[in-house]
Amino acid sequence: MSEAYDQLKQRLEEYFDLRAAYLLLNWDMNTKMPPGGGPARARQISRLQRMAHERLTDPALGALLDELEPWAEAQPPDSQEAGLVRAARRSHDAWAPIPADLMGEISQHSAQTFEVWRQARPADDFAMVRPHLEKTVALSQEAASHYPEAEHPIDPFIALFDPGMTAASVSALFDELREALVPLVEAIASEEAPGTGFMRQPYPVDRQLAFGEEVIRRFGYDFERGRQDFAPHPFMTRFSIGDVRITTRAQEDDPTDALFSTLHEAGHAMYEQGVDPAFEGTLLARGASAGLHESQSRLWENIVGRSRGFWTYFYPRLQETFPEQLNGVPLDDFYRAVNRVERSLIRTDADEVTYNLHVMMRFSFEMQLLEGSLEVRHLPEAWKARMEADLGIAPTDDKDGVLQDVHWFSYIVGGMFQGYTLGNIMSAQIYQAALETHPEIPDDIEQGRFETLHGWLKENIYRHGRKYTPDMLIERATGRPLSLDAYLQYLREKYGGLYNL
């Protein structure tokens, strides 16, 4: 089987390299490309995406996997060979039903829509982008129609990003989480929120960025294999294990906006940088799922970056960076400010307690759009009504409403949002498992040391890449299946203490 296995690796390396080229063009489109490059870039991205899709879904690859699977099943289950065949089978089967022509059309339309969205959002002009979003929904429905066995049109897309999950399983998990979150939000809302006036003053952006880079260097983000740039909507992208890049954004009147965006994306990037180098150029050389990826961004951003221990160490350094703004502000006040719970309009600005309500709303809308029970023209009003019902606040415009997230304006509708909440749930379970092995981690964080936590994550999560399914990886790393228990315990203990509940 060695010849067949080498052939599999060669085929997958071609796919890997084509996709890396596509991602590089996409990174440039988001960060450096002049506006005039949009039309040609849409064509180039479409061509590369189609070529990559053809390599991954080639029937010859499926036949090769048929030949290799009995051999792979006889290998040790934790071997690279068995893992690669498993991952290749999952990816091939998940994408194969979508025709290459449709994949190319989706890619080209997505790139064009992204350019329109970049103009429409600051202009608060949903009408400008509405016909593009209507076509996106239609293309998404067409793609979903190629999976006739799916119980819900969103199921194939969930499977692409979070293998093993379905609309039914995600909805059941969300219902259980919502039942616990709503009374917690209401209890906190009845308490007096901490003041944050000291946050709303000028904080020079260059100093914000320098501080954020100092933090992620300490976390373990390797700038020899990465860089940071600006983008309207921060993201991480990787072209190889040796080239994993992040982007951030900044507001001069908020010293934590750039910081938490940087910590979030660095969490994604450290995952990719920590994959076993032997997996380079294969389907194993990436995170296991969207949810697991988000578990790392949210772990470093929230569980670490918003912890009391983190700020015990870093707050004096932030005061040194911004002495005129923060020298008279006690640590307790700053810590409460960065963990303030309030009803807010913007998902990416939302606190840990209300954040998941934003995600659940988007997931619900995706299901309705794909079903056809919600039309795009009614989406802005549906958005406002749901925000009012769930969070007691509604946007007065579309810029801070339906236009705020880039997702629906840069790819298909469906399959991506559930990963954010799955990641929150996983992050607490993974961190709890790390503490069981290394109870000294909180003391390390308080002293600005992150090697133990980062090392445990590399050993138990990062190095495996996609060798295991998400369910397998969670159970191997934590000793138990995915559960809400650790996450709800984390929220109740942290915010119960902050708000005297």
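A nonpolar core here is a set of buried Ala, Val, Leu, Ile, Met, Phe, Trp, Tyr and Cys residues joined through side-chain atoms within 4.5 Å. In this predicted model, the largest such core has 169 residues, and L8, F219, W300, F310 and W311 have the most contacts inside it. Helix α1 (residues 2–31) gives the most to this core, with 13 residues. As a general backdrop, nonpolar side chains tend to be buried together in soluble globular proteins.

Now for a couple of spots around residues 307 and 310. S307 sits in the loop between α11 (290–304) and α12 (308–321). Is S307 buried or exposed? With the cut-off for buried at under 20% relative accessible area, S307 counts as buried because its relative accessibility is 13%. Here's who these two touch, leaving aside neighbours within four places in sequence:

| Residue | In contact with |
|---|---|
| S307 | N302, Y335 and I445 |
| F310 | V215, F219, L263, V304, G305, I445 and F450 |

So much for the loop; on to helix α8. Its 23 residues (167–189) should span 33 Å at 1.5 Å a residue, and the end C-alpha atoms are 31 Å apart, which agrees. That said, α8 does bend by about 25 degrees at R178.

Which residues of α8 are buried? They are A167, V170, L173, F174, L177, A180, L181, L184, V185 and I188. As for partners, the buried residues of α8 pack against α7 (155–161), α15 (355–371), α17 (418–437) and α21 (485–498).

Note on methods. Residues are numbered from 1 along each chain as its sequence is written. This is a predicted model: local features need pLDDT of at least 70, side-chain atom pairs count only at pLDDT 80 or more; totals for chains, interfaces and linings use all residues. Side-chain values use heavy atoms; hydrogens and water are left out. Helices (H or I, at least four residues) and strands (E, at least two) are DSSP runs, numbered from the N terminus. The expected span of a helix is 1.5 Å times one less than its number of residues. The bend at a residue is the angle between axes fitted to the seven residues ending there and the seven starting there. Buried means under 20% relative accessible area, exposed over 50%, partly exposed in between (1.4 Å probe, protein chains only). Contact means heavy atoms within 4.5 Å.
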